[in-house]
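Visitor: Please put the structure up. I would like to go through it with you, one question at a time.

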Amino acid sequence: MHRLLRTFTALTAAAALGLTAGCSSGSGSGPGSGREKDEASPPVSREAAAPAAHSFWVDPQSEAARQVREWEQQGRTDDADALRRISEQPMATWPAGDDPAPDVEKATAGAERDDRTAVLVAYNIPHRDCGQHSAGGAPDASYYRHWIDAFADGIKDRKALVVLEPDAIPHIADGCTPAQYHEERYELLSEAIERLKRQPNVKVYLDAGNPGWITEAYKLTTPLRRAGIARADGFSLNVSNFQSDATTKKYGRELSAGVGGKHFVMDSSRNGQGPLAGDREDAWCNPPGRGLGTPPTDRTGDPLLDAFLWIKRPGDSDGPCRGGPAAGQWWPDYALGLVRNAKA
């Protein structure tokens, strides 16, 4: 889980540049800690929460949306207004558990009703996170094939953008995943791309980590090719990490040149202040002082960048570091810190 939000499990870390991507929905002592209002920070206006132009689905039952309603009932109107800057934006769904179909169907059905595209994350590869904090995933290759099949079936003919297996390829490139699992992983990722692309309205982006992790993009080109990037719509970058837009776009263009000009999407959910300085091994886990980044949009103005996305759900913990709850658990005070430190 070197890079993900670590949406499924817990971690322990400290401060630094964010090597991993810390995975999806799940994300300290940071700004916004404690239930009290931060008197030094002015409330965020409703106008500031205006959504960017995009075609993605906004979940009206997200943790952020529920928190807004709860705080309104409690009279915490300034905090509720601030949190709308998260709740009114589209965020990725990370189907959990042995059966991804219910979460996939709920998100894609909601998107269909609103004539939008659901953003989904498939995160269940065997030997996930190479035995570290987000260890787990499918117990074997056969199980994973059934899981991906159920994931794809849940989409049906609805519109979806799927981020495929955060960290899986970078963990091959950095040697963290044992060599005996590499061939199987390439095969499973290639099959997953092929299976998902059978659904008529699905775009698939194979994850490629972030610029603070595998710093030389060319080291990912062969692994991505072996995993079937040619059949995918592109690759994803910065999932659950904090690398800046400029750094990530530069890296994306370099990597694209090595994989046939493929397009990419990037996670801008928490990169408004860039990565925390220091030891990159610890910077990804609930770093203090971080802020929301570019709102989700598919109007990027960049011919290679298909979308800015909030793949990591802002306010979800990266793990029990810096006073946070377990990975993937909602942490409203950290969410408020992200809002108050948001990119202008």
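Visitor: Where does Glu 165 lie, and is it buried or exposed?

Guide: Glu 165 lies in the loop between strand E2 (160-164) and helix H5 (170-173); helices (H or I, at least four residues) and strands (E, at least two) are DSSP runs, numbered from the N terminus. This is a predicted model, in which local features need pLDDT of at least 70, side-chain atom pairs count only at pLDDT 80 or more, and totals for chains, interfaces and linings use all residues. Residues are numbered from 1 along each chain as its sequence is written, and side-chain values use heavy atoms, with hydrogens and water left out. Buried means under 20% relative accessible area, exposed over 50% and partly exposed in between (1.4 Å probe, protein chains only), so at 0% Glu 165 counts as buried.

Visitor: What is the phi of Glu 165?

Guide: Glu 165 is a residue other than glycine, yet its phi is positive. The value is near 50 degrees.

Visitor: Which residue in the loop between E4 and H8 has a positive phi although it is not a glycine?

Guide: The loop in question runs between strand E4 (234-237) and helix H8 (245-258). The residue there has a relative accessible area of 0%, so it is buried. Its phi is about 60 degrees, and the residue is Ser 240.

Visitor: Which residues does UniProt list for "active site"?

Guide: The UniProt entry is unreviewed. Its positions are given in the numbering used here, feature names are shortened, and annotations may be inferred rather than shown by experiment. For "active site" the entry lists Asp 129, Asp 167 and Asp 318.

Visitor: Is Asp 129 buried or exposed?

Guide: Asp 129 is placed in the loop between strand E1 (118-122) and helix H4 (141-155). Its C-alpha atom is 7.6 Å from that of Thr 177, a residue 48 positions away along the chain. The relative accessibility of Asp 129 is 3%, so it counts as buried.

Visitor: Which side chain makes a polar contact with the side chain of Asp 318?

Guide: Asp 318 sits in the loop between strand E6 (305-309) and helix H9 (332-340), and is buried because its relative accessible area is 0%. A polar contact is a pair of N or O atoms within 3.5 Å; within protein, one must be able to donate a hydrogen and the other to accept it, and residues adjacent in sequence count only if both atoms are side-chain atoms. At 3.0 Å, the partner side chain of Asp 318 is that of Arg 270.

Visitor: How many disulfides does a search of the whole structure find, and which residues are joined?

Guide: A disulfide is counted for a pair of cysteine sulfur atoms within 2.5 Å, and the search finds one. Its S to S distance is 1.8 Å, and it joins Cys 285 to Cys 321. The pair links distant parts of the chain, 36 residues apart: the loop between strand E5 (263-267) and E6 holds Cys 285, and the loop between E6 and H9 holds Cys 321.

Visitor: Is the link of Cys 285 and Cys 321 left-handed or right-handed?

Guide: Both cysteines, Cys 285 and Cys 321, are buried. The angle about their S-S bond is -90 degrees, and the link is left-handed.

Visitor: Which side chain has a polar atom 2.3 Å from the backbone oxygen of Cys 285?

Guide: The residue is in the loop between E6 and H9. With a relative accessible area of 18%, this residue is buried. The side chain is that of Arg 322.

Visitor: Which "binding site" residue does the loop between E5 and E6 hold?

Guide: The unreviewed UniProt entry lists Trp 94, Trp 213, Asn 241, Trp 284 and Lys 312 for "binding site". Lys 312 is found in the loop between E6 and H9, and counts as buried because its relative accessibility is 0%. In the loop between E5 and E6 is Trp 284.

Visitor: Is H1 roughly parallel or roughly antiparallel to H2?

Guide: The axes of helix H1 (residues 63-74) and helix H2 (residues 77-87) come within 8 Å and cross at roughly 165 degrees. Axes are lines fitted to C-alpha atoms, for helices over the stretch in contact, and angles run from 0 to 180 degrees between N-to-C directions. Angles under 35 degrees count as roughly parallel, over 145 as roughly antiparallel, 65 to 115 as roughly perpendicular and the rest as oblique. H1 is therefore, relative to H2, roughly antiparallel.
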